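Please walk me through this protein model, starting from one loop and working out to the chain as a whole. Plain paragraphs will do.

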Amino acid sequence: MNPRPTASAGAAPRPRLGVFKFASCDGCQLSLLNLEDELLPLLERVELVQFFEASSRADEQGRLDVALVEGSITTAHDAQRIRRVRERSALLVTIGACATSGGIQALRNLADVESWKAAVYPRPEWIEVLGTSTPIADHVKVDVEIQGCPVNKEQVLRVLLRLLLGSLPDLPSASVCLECKRRGNPCVLVAKGVPCLGPVTRAGCGAICPSLGRDCYGCFGPAADPNPASLMRQLEAGGLSRADSVRRLRHVNGWRREFRELADALEGREGGDA
Ligand code: SF4
Ligand code: SF4
């Protein structure tokens, strides 16, 4: 698929873009709206077919050149709807931790969702949900994943521009530590002994937290080929409790295999591999 506008006798058709929400907080969609200066020029280059956070226009049927998908699959209706989005889209891009890893709501995957429903809702029988929250890639083919909670808006813009030029984007695979060093930050893990997940977390945020003297808690998800077992051994040797190790791994990207399997192993759950 090449989403570049094609020449024609009249005005060139613009690539058709849709933005879709599943189970999520809307923060990644808001990151798109926060593009501010870039938003109007972008909208001159694409036809915004559906984006309920921004417009009441609803084209539920037409073909899409690019679909941006936020959120995880938590209901049978979600599972049906994402298949329809996939069928009508040449390219499907997932944005954010919910869509790429299942999000914080994937904590339910380790629990009994029926007992949670009974504890939270006065009429739990009205709540129709699956027992799991799963990433979009568990249900349909995904062409590009943009990690982050929320995503970095400049990264989303760069991905969209690359797709509009007809090429696949080049997303970072290195860890937050690389960005941290590029910014000249003192390492908070070394200098303060705080349990920073930067060594196993994917770059892309610009090392926001260590730049403010805080540890990274992994909101951009696992870097390519991370070694969280080694990192957590070091952090526990430095005083982090086992319970806090597991809690750190079971955060917004806790259902990603790279973090989940280690958390399972540390917690002594079956199937985990420390
Ligand atoms: S502060 Fe964290 S992200 Fe920065 S270099 Fe140290 S471990 Fe890596
Ligand atoms: S430093 Fe870590 S926790 Fe902070 S924004 Fe970046 S990836 Fe997220």
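**A walk through the model**

Asp-26 sits in the loop that runs between strand E1 (16–21) and helix H1 (27–33). The model is a predicted one. The backbone at Asp-26 has a phi near 80°, a positive value in a residue other than glycine. Its relative accessible area is 17%, and because buried means under 20%, Asp-26 counts as buried.

A second aspartate can be set beside Asp-26. Asp-225 also is not a glycine, and its phi is positive at about 50°. This residue lies in the loop between H9 and H10. Is Asp-225 buried or exposed? Its relative accessibility is 78%, and so Asp-225 counts as exposed, the cut-off for that class being over 50%.

The loop that holds Asp-225 also holds a cysteine. Cys-219 is placed between helix H9 (208–211) and helix H10 (228–237). With a relative accessibility of 17%, Cys-219 is classed as buried. Which residues does Cys-219 touch, leaving aside its neighbours within four places in sequence? The contacts are with Gly-148, Cys-149, Thr-201, Val-252 and Asn-253. Gly-96 can be located from Cys-219 as well: the two C-alpha atoms are 9.2 Å apart in space, while the residues are 123 apart in sequence.

One of those contacts, Cys-149, leads to another backbone feature. The peptide bond that joins Cys-149 to Pro-150 is cis, and its omega is near 0°. Pro-150 belongs to the loop between strand E5 (144–146) and helix H6 (153–164).

Other cysteines can be looked at for their exposure. Cys-177 has a relative accessible area of 30% and is therefore partly exposed. Cys-216, with a relative accessible area of 7%, is buried. How many disulfides are counted? A disulfide requires a pair of cysteine sulfur atoms within 2.5 Å, and by this rule the count is zero.

Next comes helix H12. This helix covers residues 257–267, and its buried residues are Phe-259, Arg-260, Leu-262, Ala-263, Asp-264 and Leu-266. Charged residues are thus on the list, Arg-260 and Asp-264 being among its members. What do the buried residues of H12 pack against? Their partners are H10 and helix H11 (242–249). Just after H12 comes Gly-268, where phi is positive at about 80°.

The view can now widen to the protein chain. Its secondary structure consists of twelve helices and five strands. The C-alpha atoms fill a box of roughly 70 × 55 × 30 Å along the principal axes. The radius of gyration is 20 Å; a compact globule of 274 residues would have one near 19 Å, so the two values agree.

Buried residues account for 47% of the 274 residues. Of the contacts between residues at least 6 apart in sequence, 70% join residues at least 24 apart. The contact of Cys-219 with Gly-148 belongs to the chain's set of contacts.

On the outside, the protein chain exposes about 13,700 Å², and carbon and sulfur atoms supply 53% of that area. How many positive and negative side chains does the protein chain have? There are 34 positive and 33 negative ones, and the centres of the two sets lie 3 Å apart.

Definitions and conventions: Residues are numbered from 1 along each chain as its sequence is written. Chains are lettered from A and ligands numbered from 1 in the order in which they are written. Side-chain values use heavy atoms; hydrogens and water are left out. Buried means under 20% relative accessible area, exposed over 50%, partly exposed in between (1.4 Å probe, protein chains only). Helices (H or I, at least four residues) and strands (E, at least two) are DSSP runs, numbered from the N terminus. The radius of gyration is taken over C-alpha atoms; the globule rule is 2.2 Å times the number of residues to the power 0.38. Contact means heavy atoms within 4.5 Å. Accessible areas come from the Shrake-Rupley method with a 1.4 Å probe; for residues, only the protein chains shown count as cover. Lys and Arg count as positive and Asp and Glu as negative; His and the chain ends are not counted. The place of a charge is taken as NZ of Lys, CZ of Arg, CG of Asp or CD of Glu.
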